[in-house]
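Biologist: I should like to learn how salt bridges and helix ends are read from a model. Could we proceed one feature at a time?

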Amino acid sequence: METHDCNSVDRLREAFDDNELDAVTSFAVQEHLDACPRCRARHAWAREVRASLARVKASAPMATPALRARVRRGLEATRRRTVFAGAGIAAAFVVAALIGFRMLPRSSDDLAMDFARNHHASMQRTDPVKFASTDPRAVETWLREQLPFALAVPRQPPSGYQLKGARLCAVAGNKVGYLLYTSPIESPLSVFIGRRGSYDFHALPAMASENDVAIRCGKCDGTTVAAWDIGESTYVIAGNMGETPLLAFARQRDSIP
Amino acid sequence: MAWFNQHEAQLAHAIEREVDALHRVASRLTGSSSAAEDLVQETCLRAWRARRSVREQREFRPWLFRILRNLWIDELRKTRRTPILVELTANEDEAAIPETPVMPPSDIADRKQLERWLDREIIAALDDLTEHERLALLFHAFADMNYHEIATALECPLGTVMSRLHRARAKLRERLACYARTRGIVRASTDTSAKGGAASHGNA
């Protein structure tokens, strides 16, 4: 195996820390670092730089809601102009009236309606869950085996409800995990877990925002639909429950591993 | 055919998902909250208008950050008289960063205090990098881009990305180590072999 001197290790160390080296070179760099105190000291400082950059990144201000709104408004305005470009406005109106809504992405209201309908359809099914379990960990494991993203099942059910199990379903063209919660006195609740970014609920009013969790809420067909993001997942709850238990359920991010 | 010709509906969502990363980089480039917000907004709008130039989905992020870079350079050109983004010659590219031998940071007792000092110093040190180095480092550290994506975003070879990252980090590392030594946070190294620098150190 090729050995490396301090100069070459100095050049390769960044790529080594970035996991951009092949296995053989990476091993050779590690071997040199193990044997050379001088390179090890420099490497330790290089890691300080890396750690410091990570801390500076983590403490960098997030985009403000105002900026997000500016970007969204700008994109929507440009998209509208794009839809109408190249055709007479009157003709475009006709086209839009006939088929336009099919060309545009689904609005937040449409999405909320999709989830509400899926909730009602689930209530009609004889087998609303495919994997029956009251253990959130077991349900989480089952869902993770089925879906290509790292989701988490809340450890605490909504107050007064019990987890019954899960199945997979598709909402607005995306594969999501479905959780069913039942209560002896209340109507059932459906919770959908999708990949974050698959759905845009920004147009729904924000009911609450705490610790970066903005809960957006709407009502469709008499069913409340609330959505929020945690980690890599978007959570959508459909059913009729009061604001206080809904918020308590959505805010339990500490129990989401 | 351009990827986004077939997936236009996904573009707006894809752009919105990058707003935080764009904002992190823009804030550090401009040093001003309002200028960063203007830069991010303009980047997003330009991206939408130029969406047909994205041929494949995997090109999207580098392409988006290239727009950010170009807009930032345009802005710099408006406000600066001095030349910017001077390409490094091969010799400069290979030039060694002077090394200040100090003890490794693991020997430092007050870890939290050290981190506070270092973070403050890193922020200042970022501004002292060349534009090339700063862009490569910010794209990597603040936008989580890999070498290939950075090369695409900066329109330069992969090896150049590695050189720029290496030099940027070497400068930061040297500045942190020097700062720690001059402030008495760590002692100068007693390892005499380090004083000769990398060239005189023996092979492993």
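Modeller: Let us begin with burial in this predicted model. B:Glu133 has a relative accessible area of 0%, so it counts as buried, the cut-off being under 20%.

Biologist: Which residue does the side chain of B:Glu133 meet in a salt bridge?

Modeller: The partner is B:Arg167, with 3.3 Å from N to O. B:Arg167 counts as buried too, because its relative accessibility is 10%. The pair links distant parts of the chain: B:Arg167 belongs to helix H10 (residues 158-182) of chain B and B:Glu133 to helix H8 (residues 131-141) of chain B, 34 residues apart.

Biologist: Which residues are joined into one network by salt bridges that share partners?

Modeller: The members are A:Asp17, A:Asp18, A:Arg47, A:Arg50 and B:Arg169. Over all chains, the count of salt bridges is 26.

Biologist: How should a salt bridge between chains be read?

Modeller: One locates each partner and then considers its exposure. A:Arg70 forms a salt bridge with B:Asp38, and their closest N and O atoms are 2.8 Å apart. The pair joins two chains, because A:Arg70 lies in helix H4 (residues 65-84) of chain A and B:Asp38 in helix H4 (residues 33-49) of chain B. A:Arg70 is partly exposed at 22% relative accessibility, and B:Asp38 is partly exposed at 44%.

Biologist: Where do the partners A:Arg55 and B:Glu115 lie?

Modeller: Their salt bridge has its closest N and O atoms 3.6 Å apart. The pair crosses from helix H3 (residues 37-59) of chain A, which holds A:Arg55, to helix H7 (residues 111-128) of chain B, which holds B:Glu115. A:Arg55 is partly exposed, with a relative accessible area of 22%, whereas B:Glu115 is buried at 16%.

Biologist: How is a single helix to be read?

Modeller: An α-helix has 3.6 residues a turn, so residues three or four places apart point the same way. Helix H1 (residues 6-17) of chain A has 12 residues and spans 16 Å from its first C-alpha to its last, close to the expected 16 Å.

Biologist: Is H1(A) mostly covered or mostly exposed?

Modeller: H1(A) is mostly covered, with 9 of its 12 residues buried. Among them are A:Cys6, A:Val9, A:Leu12 and A:Phe16, as well as A:Asp17, which also takes part in the salt-bridge network.

Biologist: What is found at the ends of H1(A)?

Modeller: A:Asp5 caps the N-terminal end of H1(A), with a side-chain oxygen 3.2 Å from the backbone nitrogen of A:Asn7. After H1(A) comes A:Asn19, which has a positive phi near 55°.

Terms used:
Residues are numbered from 1 along each chain as its sequence is written. Chains are lettered from A and ligands numbered from 1 in the order in which they are written. This is a predicted model: local features need pLDDT of at least 70, side-chain atom pairs count only at pLDDT 80 or more; totals for chains, interfaces and linings use all residues. Side-chain values use heavy atoms; hydrogens and water are left out. A salt bridge is a side-chain nitrogen of Lys or Arg within 4 Å of a carboxyl oxygen of Asp or Glu. Helices (H or I, at least four residues) and strands (E, at least two) are DSSP runs, numbered from the N terminus. Buried means under 20% relative accessible area, exposed over 50%, partly exposed in between (1.4 Å probe, protein chains only). The expected span of a helix is 1.5 Å times one less than its number of residues. A polar contact is a pair of N or O atoms within 3.5 Å; within protein, one must be able to donate a hydrogen and the other to accept it, and residues adjacent in sequence count only if both atoms are side-chain atoms.
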